[in-house]
Amino acid sequence: MSPPLIYLSPPDVGDAEREALLAAFESGWIAPLGPSVDAFERSLSELVGGSHVCVTSSGTGALHLALVLKNVGQGDEVLVPTLTFVATANAVRYVGAEPVFVDVDPESWTIDPELVAEYLAERSRAGAKLPKAVITVDLYGHPADYERLREVVQPYGIPILQDAAEALGALYRGQPVGVQGELAVLSFNGNKIITTSGGGALLGRDAALVSRARKLATQAREPASHYEHVELGYNYRLSNLLAALGVAQLQSLTRRVEARRAHRAHYEQALGHLPGFSFFTERPWARSTYWLTTALIDPNVAVAPREKVLGALEAARIEARPTWKPMHLQPLYQGARSLGGTVSRRIFEQGICLPSGSSLKASERHQVCDVIASAAG
Ligand SMILES: Cc1ncc(COP(=O)(O)O)c(C=O)c1O
């Protein structure tokens, strides 16, 4: 099969990134520390209104660190929305804990706070051990329902860890995404709204916790010239060269968000009338980045079911994908506890992600719409 002509969410890079990368190279700081790492952390911190930031080699590494920082370990449970990318759940297993998968709300596609409330009340009544943390996922650029979740978890003192890997640039009740959880995680891998080719960040309001993250991410080296080690650490810091890319990318975050939002608006206008099609729409309290435009195709109404639409796009060399396969349906997590799951299953069975990159041209978007309209119109 030839490579796609139109990609789902390719890196959007240009001269600014090339220059920043070369300048970092010339500076001689070819290491997982240096002025670009500091500058990237400062810029991210400003963007999210002053949270402390530790940039990492991946979002997955940052998730792992967040769980270590909250002392999650063997024998602990962590609540995780079932509709997510596997990295969210895997990080829980890295620390020896078990994920308990929670279905999502049908409107926001994010963790259903009412299922969390029921589970915590039931565990508490039974005198059973409570989950050590709740991980939220701001899916496809849309924040979770933090206000309701806080009401639910606060009486039990359970921390919210925010997986905002897909949502940099989104707003929750007017606030930048990344400050709603006690700790939050971003990803800058190749398909994200800004990319460092590979990279991530851990964000938190507690300076001491984020400073501990920096230490853990550099093999937990003690401040001694002879390499003293007291605790287990990791090699999770972002390279200075890649941080330079991140600084350059961040400059155009607003343009990137607006481009993705415009794609979603256009797709809905062009395709929203097709029988069985419904586009995911942000909740009143959210401003999504629409990192990926997503829609459901109801097979009971649609002329062409989702698979046929995906097939038509593939034949036209356009990259599109089903929505995430829920974790409770993954062989890897067979046997894991799961609270509900029918909403996520339906989103998985009917959902499609359309090309949404910030460099996608209007003519390419038209092409996508033409292919879908002729397959499903
Ligand atoms: C929801 C979610 N969590 C975590 C990750 C992991 O980030 P990374 O690829 O930077 O490790 C990703 C994306 O890759 C993601 O989409």
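This report describes a predicted model of a protein chain with a ligand, moving from its domains to its sheets and helix contacts.

**Two domains and the boundary between them**

The domain assignment divides the protein chain into domain 1, covering residues 15-252, and domain 2, covering residues 254-376. The C-alpha centres of domain 1 and domain 2 lie 25 Å apart, and at the boundary 35 residues of domain 1 are in contact with 31 residues of domain 2. On the side of domain 1 that touches domain 2, at least two residues each are supplied by helix H4 (86-94), strand S3 (98-102), helix H5 (113-125) and strand S6 (171-172). Which of these elements gives the most to that side? It is S3, with five residues. Sorted by class, the residues of this side of domain 1 comprise 22 nonpolar, seven polar and six charged.

**The surroundings of the ligand**

Around the ligand there are 14 residues, and those that come nearest are Ser58, Gly59, Thr60, Ala165 and Ser187. Helix H3 (59-69) supplies at least two residues of the shell around the ligand, and so does H4, the helix that also supplies at least two residues of the side of domain 1 that touches domain 2. By class, the shell around the ligand has four nonpolar, eight polar and two charged residues.

**Two open sheets**

One open sheet has three strands in the order S7-S6-S11, and their pairing is antiparallel. Strand S7 (175-176) and strand S11 (286-287) stand at the edges of this sheet with a single partner strand each, so one side of each is left without a neighbour in the sheet. S6 and S11 run antiparallel and are joined by two bridges, and Leu171 has Arg287 in S11 as its bridge partner. Since the domain assignment places residues 15-252 in domain 1 and residues 254-376 in domain 2, the numbering of S6 (171-172) and of S11 (286-287) can be compared with these bounds.

Another open sheet has four strands, again with antiparallel pairing, in the order S10-S12-S15-S13. Its edge strands are strand S10 (277-279) and strand S13 (321-322), each of which pairs on one side only. Three bridges connect S10 with strand S12 (residues 293-297) in the antiparallel sense, and Phe277 stands opposite Ile297 in S12. Helix H9 (residues 253-271) packs on this sheet, where it touches S10, S12 and strand S15 (351-354), and the direction of H9 makes about 160 degrees with that of S10.

**Two helices packed against H8**

Two packed helices are described by the angle between their axes and the distance between the axes. The table sets out these values for two contacts of helix H8 (residues 240-250).

| Helix pair | Axes come within | Crossing angle | Handedness |
|---|---|---|---|
| H2 (residues 35-47) and H8 | 8 Å | roughly 35 degrees | left-handed |
| H1 (residues 15-27) and H8 | 8 Å | roughly 145 degrees | right-handed |

In the crossing of H2 and H8, the contact is made by Ser36, Val37, Ala39, Phe40 and Ser43 of H2, together with Asn240, Ala243, Ala244, Gly246, Val247 and Leu250 of H8. This contact of H2 with H8 has seven nonpolar and four polar residues, and no charged residues.

In the crossing of H1 and H8, H1 contributes Ala16, Glu17, Ala20, Leu21, Ala23, Ala24 and Phe25, while H8 contributes Asn240, Leu241, Ala244, Leu245, Val247, Ala248 and Gln249. By class, the contact of H1 with H8 has 11 nonpolar, two polar and one charged residues. Asn240, Ala244 and Val247 of H8 take part in the contact with H2 and also in the contact with H1.

Definitions and conventions:
Residues are numbered from 1 along each chain as its sequence is written. This is a predicted model: local features need pLDDT of at least 70, side-chain atom pairs count only at pLDDT 80 or more; totals for chains, interfaces and linings use all residues. Domain bounds come from an automatic or database domain assignment. Two residues are in contact if their C-beta atoms, placed from the backbone, lie within 7 Å. Ala, Val, Leu, Ile, Met, Phe, Trp, Tyr, Cys and Pro count as nonpolar, Asp, Glu, Lys and Arg as charged, and the others, Gly among them, as polar. A residue is near a molecule or strand if its C-beta atom, placed from the backbone, lies within 6 Å of it. Two strands pair if DSSP finds at least two bridges between them. Axes are lines fitted to C-alpha atoms, for helices over the stretch in contact, and angles run from 0 to 180 degrees between N-to-C directions. A crossing is left-handed if the near helix is turned anticlockwise from the far one by less than a right angle, and right-handed if clockwise.
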